[in-house]
Amino acid sequence: GFKMYTVERCDFNSTDPKDIKLTHSYYYNKIEVNRFDSDVGHYVGYTEYGVKNAELWNNDPAILAQWRAEKERYCQHNIGNWNSNI
């Protein structure tokens, strides 16, 4: 059957918040349908289904505020753990 899954990724060069990028992607059947990128600050759709979802989510200030805050809560909080394992 078809699979839908999400991937969260933190890319960083330092612990400085401006050097951290959070990417939250939604995939359906191995195709990325939409993505939240903290550098862009909103969702972008890559398929017809993804564009509809992105419009819906971008019009909800609570959803955008949640994902904008995830960069600090998830990425910045865990950088020390990830760097210590390298």
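Asp11 is partly exposed, since its relative accessible area comes out at 30%, where buried means under 20%, exposed over 50% and partly exposed in between (1.4 Å probe, protein chains only). This is a predicted model, so a word on the bookkeeping: local features need pLDDT of at least 70, side-chain atom pairs count only at pLDDT 80 or more, and totals for chains, interfaces and linings use all residues. Residues are numbered from 1 along each chain as its sequence is written, and side-chain values use heavy atoms, with hydrogens and water left out.

Back to Asp11, which sits in strand S1; helices (H or I, at least four residues) and strands (E, at least two) are DSSP runs, numbered from the N terminus. Setting aside neighbours within four places in sequence, Asp11 is in contact with Asp19, Ile20 and Lys21, contact being heavy atoms within 4.5 Å. The Asp11 side chain also makes a polar contact of 3.3 Å with the side chain of Arg9. For the record, a polar contact is a pair of N or O atoms within 3.5 Å; within protein, one must be able to donate a hydrogen and the other to accept it, and residues adjacent in sequence count only if both atoms are side-chain atoms. Asn59 lies 48 residues from Asp11 in sequence, with 26 Å between their C-alpha atoms.

Strand S1 also carries one half of a disulfide, Cys10, whose partner Cys75 belongs to helix H2 (residues 61-84), 65 residues apart in the chain. The sulfur atoms of Cys10 and Cys75 are 1.9 Å apart, against a cut-off of 2.5 Å for a pair of cysteine sulfur atoms. A search of the whole structure turns up one disulfide. The torsion about the S-S bond of Cys10 and Cys75 is about -75°, so this disulfide is left-handed. Both Cys10 and Cys75 are buried.

Next comes the sheet, which is open and has four strands in the order S1-S2-S3-S4, paired antiparallel; two strands pair if DSSP finds at least two bridges between them. S1 and S4 (42-45) are the edge strands, each pairing on one side only. On average, neighbouring strands are turned by 20° against each other, direction ignored. For such angles, axes are lines fitted to C-alpha atoms, for helices over the stretch in contact, and values run from 0 to 180 degrees between N-to-C directions. Helix H1 (residues 48-58) packs on the sheet and touches S1, S2, S3 and S4, its direction making about 165° with that of S4. In the middle of the order, six bridges join S2 (residues 20-28) to S3, and Ser25 has Arg35 in S3 as its bridge partner.

Two residues of these strands fill in the picture. His24, found in S2, is buried at a relative accessible area of 3%. Among the residues that His24 touches, beyond four places in sequence, are Thr6, Asn34, Tyr43 and Trp67. Asn34 itself lies in S3 (residues 31-37) and counts as buried because its relative accessibility is 0%. A polar atom of the Asn34 side chain lies 3.5 Å from the backbone oxygen of Gly50. Contacts of Asn34, again without neighbours within four places, include Ser25, Tyr46, Gly50 and Trp57.

Finally, the aromatics: the structure holds five aromatic pairs, and ring pairs link Tyr26, Phe36, Tyr43 and Trp57 into a cluster. Rings of Phe, Tyr and Trp (its six-membered ring) pair if their centres lie within 6.5 Å.

Key
Phe/Tyr/Trp six-rings, centres within 6.5 Å; stacked < 30°, edge-to-face > 60°.
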